Amino acid sequence: MLVTLFRITCLSLALFFVLDIFFFSGSKVFLETGFGKQLRFFTLWSLIANFVALIFLTLSSSFKIFDRVTPFIAISALMGFFTIVLYWGLFFIDPTLVNYAGERLNFSREIYLHFAGPALLFFDAFILKKAFTDFYRITAFAFFINFGYFGWLEIFVQPNSDFPVGKITAGLPYPFMNDMPFEHRLIFMLMCFIFGALFKWILTKVQKKNA
């Protein structure tokens, strides 16, 4: 009962922020961001995945058929985990690496999107659901999400955008990316996938050992 209540609470929070960011007052932040608007940002890919994963988790409390989607729940949790690591890692180096000059989400949105929401899902996926059991299926999801997102940026977003402007190029959503030549962005993309695969392998080992 407590687990179900926890999941319903998390789902309600995720629904609130999905509606806010994509349809209500929060969506105004993205009016001038360029082609793709909210979908330019990995944080908001993570928010959507978080919301869908929480639907599955909530339903799985009553319907065991949703246990089949645990690899998706696991990769959604990892998307949030890397959102926390990459955003705050770059932020504490220099806030302008991940934020346009003078433009920031307000405190509640920033804390939920870049910490609280991802942390709650990761806790559920790893501690409660124990979703990290199938390394290969989780990695397959990771492959399509990782390369799909970077492909979306390089093929569609950057050619159709001219803001923000960096030292090398323009139009990529996070300012630091516009200071990197294409080959460096490709290396960054590959390193994200490799590091993610290593972290998934560790989590599945720990999960199976303590199952």
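This section describes the helix packing, the nonpolar core and selected residues of a predicted model.

The largest nonpolar core of the model comprises 57 residues. Within this core, the residues with the most contacts are L47, L78, F122, F132, Y174 and F176. At least two core residues are supplied by each of α1 (2–22), α2 (42–60), α3, α4 (107–128), α5 (135–157) and α6 (182–209). The largest share belongs to α3, which contributes 13 residues.

Helix α3 covers residues 70–93. Of its 24 residues, 18 are buried, and the helix is thus described as mostly covered. The length of α3 agrees with expectation, because 24 residues at 1.5 Å a residue should span 34 Å and the end C-alpha atoms lie 35 Å apart.

Helix α2 packs against both α1 and α3. The axes of α1 and α2 come within 9 Å and cross at roughly 150 degrees, and the crossing is left-handed. On the α1 side, the contact is formed by R7, I8, C10, L11, A14, L15, F17, V18, I21 and F22. The α2 side consists of L44, L47, I48, N50, F51, L54, I55, L57, T58 and S60. C10, one of the α1 residues in this contact, counts as buried because its relative accessibility is 4%, under the 20% limit.

L47 of α2 takes part in the contact with α1 and is also listed among the core residues with the most contacts. Leaving aside residues up to four places away in sequence, L47 touches A14, F17, V18, I21 and F22, together with Y112 and L113. Of these partners, A14, F17, V18, I21 and F22 belong to the α1 side of the α1–α2 contact, whereas Y112 and L113 fall within the range of α4, 107–128.

For α2 and α3, the axes are 9 Å apart and the packing angle is about 145 degrees. This crossing is likewise left-handed. The residues of α2 that meet α3 are F42, T43, W45, S46, A49, N50, V52, A53, F56 and L57. Their counterparts in α3 are F72, I73, S76, M79, G80 and T83. N50 and L57 appear in the contact of α2 with α3 and also in that with α1.

Three residues of helix α6 were examined individually: C192, W201 and T204. T204 is buried, because its relative accessible area is 3% and the limit is 20%. Beyond residues up to four places away in sequence, T204 touches F132, T133, D134, F135 and I138. One of these partners, F132, is also among the residues with the most contacts inside the largest nonpolar core.

W201 has a relative accessible area of 44% and is therefore partly exposed, as this value lies between 20% and 50%. The C-alpha atom of W201 is separated by 25 Å from that of L90, a residue 111 positions away along the chain.

C192 is also partly exposed, with a relative accessible area of 22%. Its contacts outside the nearest four places in sequence are with N146 and F150, both of which fall within the range of α5, 135–157. The C-alpha atoms of C192 and L121, which are 71 residues apart along the chain, are separated by 20 Å. No cysteine of the model is paired in a disulfide, as a search of the whole structure finds 0 disulfides.

Note on methods
Residues numbered from 1 in each chain as written. Predicted model: local features only at pLDDT ≥ 70, side-chain atom pairs only at ≥ 80, totals over all residues. Heavy atoms only, no water. Disulfide = S-S within 2.5 Å. Buried < 20%, exposed > 50% of the residue type's maximum accessible area, 1.4 Å probe, protein only. Helix = DSSP H or I, 4+ residues; strand = E, 2+ residues; numbered from the N terminus. Expected span 1.5 Å × (residues − 1). Core = buried A, V, L, I, M, F, W, Y, C linked by side-chain atoms within 4.5 Å. Contact = heavy atoms within 4.5 Å. Axes fitted to C-alpha atoms, helices over the stretch in contact; angles between N-to-C directions. Left-handed = near helix turned anticlockwise from the far one by under 90°.
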